[in-house]
Amino acid sequence: MLPEQPAGVPSKFTFLPEELKELGYSTHVVGKWHLGFCNWNYTPTYRGFDSFYGFYNGQDDYYKHTVLGGLDLRDDKEVVKTKDGEYSTYFFTDRIVDIIEKNPLGLPLFLYLPFQNVHEPLQVPKRFEDMYSNVQNENRRIFLGMVSAMDEAIGNVTMAMKKAGLWDNTLLIFTADDDPCSRLVPDNPGSRGRNCRPRYGRRESTGHPGVGPALPTY
């Protein structure tokens, strides 16, 4: 789904948070949406979420939070203009921790956390890239740093849930919606799309194994 496409998941399809709200859950999404925004009815707070903090498109600049020259960062429906120059993973994590800390004791909580990492563009704070100074390929070095930045964020979310007394009654589902990018694989230069080794095909094939982003639930 490209930024210019007036598309979205039709409202006739019920999303999981809509069902969970019927059961009394507090529901929140922080991070990437990419399920449509040409109509408000396609956006998160109209699809079962109590709150949304993130971006609508498939990929944005991690620091400028822009796509095709336009700012793509929202707090519910409001455009956020105060995060220019800040790495998205940092403030997404801060928002998630804030939601956990403020969730009333005993209220079941559903968190959908599609972190921007490790989608393109390849961008990460230098301290994470420096962890892999032995890796000569620059793209791969940055990519590895992006994985570590996400690992740190998930660790911080986990600690917040433990401090809030939620962890022992939490189901954590962690998956990925993309496969390896071929240009990050030095022994396979020039291949098209994303190589799905050790499986088969490429990102544009129907056999690619991605299913969905990180999803902690309580």
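This tour moves through a predicted model, from a central strand to ring pairs, charged side chains and salt bridges.

**Stop 1: strand β1 and its neighbours**

Select residues 26-32, which form strand β1. Of the 7 residues in β1, 7 are buried, so the strand is largely enclosed by the rest of the structure. Next, add residues 109-112, the extent of strand β7. β1 and β7 run parallel and are joined by 4 bridges. To find the register, display S26, which stands opposite L109 of β7.

Now add residues 51-55, which make up strand β2. The pairing of β1 with β2 is also in the parallel sense, and it extends over 5 bridges. Here the residue to display is V29, whose bridge partner in β2 is F52. Keep F52 selected for the next stop.

**Stop 2: aromatic pairs**

A search of the whole structure gives 13 aromatic pairs. One of them is formed by F52 and Y56, and it is stacked. Their ring centres are 5.5 Å apart, with 5° between the planes. Both F52 and Y56 are buried.

For another geometry, move to Y87 and Y90. The centres of these two rings are 5.7 Å apart and the planes stand at 70°, so the pair is edge-to-face; the cut-off for that class is over 60 degrees. How accessible is each of the two partners, Y87 and Y90? Y87 has 2% relative accessibility and therefore counts as buried. Y90, at 32%, counts as partly exposed.

Then select F15, W33, F49, F110 and Y112 together. Ring pairs link these residues into a cluster. F110 and Y112 fall within the range of β7, residues 109-112, so this view may be overlaid on the strand shown at the first stop.

**Stop 3: charges over rings**

Display W40 with K77. K77 lies over the face of W40, at 4.3 Å from the ring centre. Continue to Y53 and R95, where R95 lies over the face of the Y53 ring at 3.9 Å from its centre. Y53 falls within the range of β2, residues 51-55. Leave R95 on display.

**Stop 4: salt bridges**

Side chains of opposite charge can pair when their charged atoms come close. How many salt bridges does the structure hold? The count is 7.

Begin with R95, which forms a salt bridge with D75. The closest N and O atoms of this pair are 3.1 Å apart. R95 belongs to helix α2 (residues 88-102) and D75 to strand β5 (residues 74-75), so the contact ties together parts that are 20 residues apart in sequence. R95 is partly exposed, with a relative accessible area of 23%. D75 is likewise partly exposed, with a value of 26%. R95 thus appears at two stops, lying over the face of Y53 and forming a salt bridge with D75.

Next, select K83 and E86. Their side chains meet in a salt bridge with an N to O distance of 3.8 Å. E86 counts as partly exposed, at 34% relative accessibility.

Finish at K126 and D130, another salt-bridged pair. The closest N and O atoms there are 2.7 Å apart. K126 is exposed, with a relative accessible area of 56%, whereas D130 is partly exposed, with 39%.

How values were computed: Residues are numbered from 1 along each chain as its sequence is written. This is a predicted model: local features need pLDDT of at least 70, side-chain atom pairs count only at pLDDT 80 or more; totals for chains, interfaces and linings use all residues. Side-chain values use heavy atoms; hydrogens and water are left out. Rings of Phe, Tyr and Trp (its six-membered ring) pair if their centres lie within 6.5 Å; planes under 30 degrees apart count as stacked, over 60 as edge-to-face and the rest as tilted. Buried means under 20% relative accessible area, exposed over 50%, partly exposed in between (1.4 Å probe, protein chains only). A charge sits over a ring if NZ of Lys or CZ of Arg is within 6 Å of the ring centre and within 35 degrees of the ring normal. Helices (H or I, at least four residues) and strands (E, at least two) are DSSP runs, numbered from the N terminus. Two strands pair if DSSP finds at least two bridges between them. A salt bridge is a side-chain nitrogen of Lys or Arg within 4 Å of a carboxyl oxygen of Asp or Glu.
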